[in-house]
Amino acid sequence: MRWNTDRRCFVLSKKYVLKGMKPFMMKIGSHISAAKGYAAMGRQARKLGANTFAFFTRNPRGGTAKALDEADVAAFLAEAVQNGVTGPLVAHAPYTMNACAADAHLREFARDMMRDDLARLERVPGNYYNFHPGSHVGQGAAAGVALITAQLNDVLTEGQRTTVLLETMAGKGSEVGRSFEELHAILDGVSLSGKVGVCLDTCHVWDAGYDIVNDLDGVLTQFDKVIGLDRLKALHLNDSMNPLGAHKDRHAQIGAGHIGLETFRRVVKHPALRGLPFILETPNDDAGWAREIALLREMAEQGA
Ligand code: FE
Ligand code: FE
Ligand code: ZN
């Protein structure tokens, strides 16, 4: 296997891996409930053996955000090291945010939510904010791309310290972001290009028709050609309850779906993905997440 040597974190040869690369801590965690605040999330991450995590910035199916508790944020930051939380965190925007809704009021609602979320995330700077690009609801993908790009250009600021990530989508209904081309088209129109990137969801790309089981290298090469692997900032690790190209978006536990454990082993060990935060959004309880985190960490840290 040989990758573009100009790109960050590509492995050139086995010799390079052995001599040139420092050992590193894989960044892995799961989605964590934000109901009890930041400090509680940090402690929960420690319990799960996670050094990063994802959380909803507000009710995922509603719109209102709780007032930010400064003391809670301060406690989270103060305890981060002892909790082993090194980040970067991958905050998730609510599902109700549709930047390419047909209704202008809904688009305004989406814009205000994103602007407010980003303002709040400035209290925990240097992390990621991941969102579903949107559903074009019959207006067509090109119109959707244009509206999403417009929202980003409206909301992003030069001074913000959060990077906004477009999530790769399964292509359910009229979802935009079902192909690398659509994501590239959005990114291409964003003026503050340093403030945006991509979060790759394994279940979603599989459901969208990208065969990461039989050709992970091929899919990543395609990502690199169309978007650029330097724009890939985080991954959601989910198995899929459905076959390749199903456009369904139903997550399964790691190894319990159509993607399978061996593919996740290749994903967490892949040189092009090295060092990126891996977030589990699998249907699980705490024990299940702790188990998956330990399993994936063990697989990633096994020799080349
Ligand atoms: Fe998502
Ligand atoms: Fe996801
Ligand atoms: Zn999903």
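Which residues lie nearest the centre of the second largest pocket? They are H92, Y95, H132, M169 and D249, part of a lining of 21 residues. Welcome to this predicted model; the notes below go from that pocket to its metal ions and then to the sheet. Some of the pocket residues will come up again, since H92 and H132 are donors of an iron ion and D249 is a donor of a zinc ion.

**The pocket**

- The second largest pocket has a volume of about 450 Å³.
- Its lining is a mixture: seven residues are nonpolar, eight are polar and six are charged.
- Empty space like this can be found by rolling a probe the size of a water molecule over the atoms.

**The iron ions**

- Three residues supply the protein donors of the iron ion (ligand 1): H92 and H132, each through NE2, and E167 through OE. These donors lie 2.1 to 2.3 Å from the ion.
- Along the chain, the donors follow the spacing H-x39-H-x34-E.
- H92 belongs to strand β3 (residues 90-92) and E167 to strand β6 (residues 163-167), so this pair ties together parts that are 75 residues apart in sequence.
- E167 has a second role to notice, as it bridges the iron ion (ligand 1) and the iron ion (ligand 2). The two ions lie 3.2 Å apart.
- Are H92 and E167 buried or exposed? H92 has a relative accessible area of 2%, so it counts as buried, the cut-off being under 20%. E167 is buried too, at 1% relative accessibility.

**The zinc ion**

- The zinc ion (ligand 3) has H204 (NE2), D249 (OD) and H251 (NE2) as its protein donors, at 2.0 to 2.3 Å.
- In sequence, these donor residues are spaced H-x44-D-x1-H.
- Distant parts of the chain are linked here as well: H204 sits in helix α7 (residues 202-208) and H251 in strand β11 (residues 251-252), 47 residues apart.
- H204 is buried, with a relative accessibility of 2%.
- How many Å separate the zinc ion (ligand 3) from the iron ion (ligand 1)? The separation is 5.3 Å.

**The sheet**

- Eight strands make up an open sheet with parallel pairing, in the order β1-β12-β9-β8-β6-β4-β3-β2. Among them are β3 and β6, the strands that hold H92 and E167.
- At the edges are β1 (28-30) and β2 (54-56), each of which pairs on one side only.
- On average, neighbouring strands of this sheet are turned by 30 degrees against each other, direction ignored.
- In general, strands of a sheet pair through backbone hydrogen bonds, in either a parallel or an antiparallel way.

**Strand β8 and its neighbours**

- Strand β8 (residues 196-201) is mostly covered, with six of its six residues buried.
- Side chains in a regular strand alternate between the two faces of the sheet. In β8, V196, V198 and L200 point one way, while G197, C199 and D201 point the other way.
- Four bridges join β6 to β8, and the two strands run parallel. Here L166 has V198 as its bridge partner in β8.
- β8 is also joined to β9 by four bridges, again running parallel. V198 stands opposite L232 of β9, so to follow this part of the sheet you can step from L166 to V198 and on to L232.
- Strand β9 (residues 232-237) is in turn joined to strand β12 (residues 278-280) by three bridges, with the strands running parallel. L235 has F278 as its bridge partner in β12.

Terms used
Residues numbered from 1 in each chain as written. Chains lettered and ligands numbered in written order. Predicted model: local features only at pLDDT ≥ 70, side-chain atom pairs only at ≥ 80, totals over all residues. Heavy atoms only, no water. 1 Å grid on protein atoms, 1.4 Å probe; cavity = no way out; pocket = protein on both sides within 12 Å on 5 of 7 lines; lining within 4 Å. Points joined across faces, edges and corners; volume = space filled by probe spheres on them. Nonpolar A, V, L, I, M, F, W, Y, C, P; charged D, E, K, R; others polar. Donors = N, O, S within 2.8 Å, 3.2 Å for Na, K, Ca; no water. Buried < 20%, exposed > 50% of the residue type's maximum accessible area, 1.4 Å probe, protein only. Pairing = 2+ DSSP bridges. Axes fitted to C-alpha atoms, helices over the stretch in contact; angles between N-to-C directions.
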